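Trainee: I should like to work through this structure with you, going from its annotated regions to single residues. May we begin once it is displayed?

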Amino acid sequence: MLREIVEGFDDLVVVDKPVKKELEITKYLLKYKDRPVLFKDVEGWKVVGNVWSKRERIAKFLNTDNRGLLELLVKAMEEPKDYVVVDKADFLKNKSEVNLLELPVPKFYPRDGGRYFTSAMVIAKSGDFVNVSFHRMMVLDETRAAIRLVPRHLYAMWKDAVEMGEEFDVRIVVGNPVHLLLAGATSVAYGISELKIASAISLQAFGRPVEVVEVDGIPVPVESEFVFRAKITDELVDEGPFVDITGTYDIVRKQPVVVFERMYHVDDPVFHVLLPGGYEHYMLMGLPKEPQIYSAVKRVVPKVHGVRLTEGGCMWLHAVVSITKQHEGDGKNAILAAFTGHPSLKRVVVVDEDVNIYDDREVEWAIATRFQPDRDLVVIPDARGSSLDPSGKDGLTAKWGIDATKPLDRKEKFEKAKIVSSRQDSIR
């Protein structure tokens with residue numbers, strides 16, 4: 001499935017010559033930052049990276065455009081849909097013991113603590129609740145890895161198991177289409193399954209729900225290239241250092257050990273790697289946060305036209321929001337709401353609906369022509385921010401917002417010049 005997807009991209013880069021999994025993969029992914037790269041021979045395996053490194057590529061695959069992509073994600077998060085359980089999946093054709101040292105798990109940068117799974121999602125079940133989430137994993141030996149558990153849903157589920165003296169049974173999947181990846185990166189309330197969000201995306205984009213097959217009691221998407229049966233133990237080891245979304249090194253922490261017990265894969269599988277701090281990392285981590293910002297801003301400003309986390313801000317720290325002002329002060333309210341929608345956000349620019357938020361030049365033009373620092377700048381000192389921001393200290397940062405919207409009493413002064421054709425079509 002994954003190979004068929006990437007081979008359909010017009011800008012695909014194919015690397016035919018042998019490539020080593022230690023550091024060499026990174027060189028190609030950095031050279032072709034926004035183009036998908038298919039490696040034909042990484043120590044005997046096929047590997048792909050930078051698959052979803054452009055917003056437009058993701059939108060096109062999901063049969064929409066940039067604006068529609070936000071609307072699609074908002075609807076999927078607000079209205080999850082049931083997935084369908086089936087009996088067969090291609091990955092069940094090949095079952096074997098696990099040797100992590102033989103797999104094409106890369107070491108990306110020289111100071112990395114080891115070789116890392118980066119695109120892997122963990123599927124866990126507690127009662128009727130199925131959780132899906134991304135977790136980096138540092139290979140320790142043939143069957144063990146250190147898994148980074150942020151204190152959220154999977155962490156809570158694992159902690160409950162540990163307190164009962166049990167290891168926590170999970171399935172780890174690698175190589176999935178983007179609707180599953182985006183769903184796995186969402187932050188929703190405990191009890192809402194990301195598999196149902198993926199199914200809602202799939203229904204909107206393709207007219208069909210996500211199909212899963214039960215692997216020893218846990219549902220796994222049939223489209224996965226690799227599936228691992230595993231258990232998260234109570235053993236803790238050093239994890240890291242490792243590069244995070246800002247392109248800087250995260251700290252070393254004590255993290256749990258996950259033991260891999262069994263591997264399944266499709267015929268001639270493709271192993272998906274996610275370059276740390278690369279554009280694909282930006283997209284998969286950032287895009288699911290845009291609906292949260294949108295929903296938060298929409299609660300205070302009725303007409304919200306778009307939200308974009310910017311590549312220059314690692315799609316994590318900087319955002320642009322488009323609104324239609326109805327009252328003076330709407331721009332500042334939108335700024336404050338955006339910070340509540342995505343607490344890691346450090347800077348937000350609010351613009352009018354006539355500014356294309358997907359064009360950095362237009363956004364800067366709005367700042368240049370509609371913004372005055374003494375009147376339109378919002379600064380919030382010593383706020384809780386992102387732990388990934390190296391300029392912060394003890395989790396605190398200064399946040400700032402730019403209200404680059406037109407004053408309502410002088411709107412005509414800020415209008416762009418236009419040429420109107422004979423058909424009355426406005427041409428910029």
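Mentor: Helices (H or I, at least four residues) and strands (E, at least two) are DSSP runs, numbered from the N terminus. This is a predicted model, in which local features need pLDDT of at least 70 and side-chain atom pairs count only at pLDDT 80 or more, whereas totals for chains, interfaces and linings use all residues. Residues are numbered from 1 along each chain as its sequence is written, and side-chain values use heavy atoms, with hydrogens and water left out.

Trainee: In which loop does Asp394 lie?

Mentor: Asp394 has a positive phi of about 55 degrees although it is not a glycine. At 66% relative accessibility, Asp394 counts as exposed; buried means under 20% relative accessible area, exposed over 50%, and partly exposed in between (1.4 Å probe, protein chains only). Its place is the loop between E22 and E23.

Trainee: Asn63 is not a glycine either; what is its phi?

Mentor: Asn63 lies in the loop between helix H3 (55-61) and H4. With 56% relative accessibility, Asn63 counts as exposed. Its phi is positive, at about 60 degrees.

Trainee: Which residues does UniProt give for the "domain: 3-octaprenyl-4-hydroxybenzoate carboxy-lyase-like C-terminal" feature?

Mentor: UniProt positions are given in the numbering used here, feature names are shortened, and annotations may be inferred rather than shown by experiment. In the model, the span in question is 33% helix and 29% strand, and its end C-alpha atoms lie 25 Å apart. The unreviewed UniProt entry places this feature at residues 283-404.

Trainee: How far apart are the end C-alpha atoms of the span that UniProt labels "domain: 3-octaprenyl-4-hydroxybenzoate carboxy-lyase-like N-terminal"?

Mentor: The unreviewed UniProt entry places that feature at residues 6-77. Over this span the chain is 40% helix and 19% strand. The end C-alpha atoms are separated by 26 Å.

Trainee: What span should helix H10 have at 1.5 Å a residue?

Mentor: The expected span of a helix is 1.5 Å times one less than its number of residues. Helix H10 (residues 330-341) has 12 residues, and its end C-alpha atoms are 16 Å apart, which agrees with the expected span of 16 Å.

Trainee: Which strands are among the elements that cover the buried residues of H10?

Mentor: The buried residues of H10 are Asp330, Gly331, Ala334, Ile335, Ala337, Ala338, Phe339 and Gly341. Contact means heavy atoms within 4.5 Å. The cover includes helix H9 (290-298) together with strands E20 (318-323), E21 (347-352), E22 (377-384) and E23 (396-404).

Trainee: Against which elements do the buried residues of H9 pack?

Mentor: Seven of the nine residues of H9 are buried, so this helix is largely enclosed by the rest of the structure. The buried residues are Glu290, Pro291, Gln292, Ile293, Tyr294, Ala296 and Val297. They pack against H3, H4, helix H8 (279-286), strand E19 (304-309), E20 and H10.

Trainee: How are H4 and H9 oriented to each other, roughly parallel or roughly perpendicular?

Mentor: Axes are lines fitted to C-alpha atoms, for helices over the stretch in contact, and angles run from 0 to 180 degrees between N-to-C directions. The axes of helix H4 (residues 66-78) and H9 come within 9 Å and cross at roughly 80 degrees. Angles under 35 degrees count as roughly parallel, over 145 as roughly antiparallel, 65 to 115 as roughly perpendicular and the rest as oblique. H4 and H9 are therefore roughly perpendicular.

Trainee: Which residues of H9 does H4 meet?

Mentor: From H4, the residues involved are Leu70, Leu73, Val74, Met77 and Glu78. Their counterparts in H9 are Glu290, Pro291, Gln292, Tyr294 and Ser295.

Trainee: Is Val188 buried or exposed?

Mentor: Val188 lies in the loop between helix H6 (178-184) and helix H7 (194-206). Leaving out residues up to four places away in sequence, Val188 touches Met77, Arg152, His153, Glu194 and Ile197. With a relative accessible area of 11%, Val188 is buried.

Trainee: Which residues does a cis peptide bond join?

Mentor: The proline concerned, Pro241, is found in the loop between strand E14 (226-239) and strand E15 (242-243). Omega is about 0 degrees, and the residues joined are Gly240 and Pro241.
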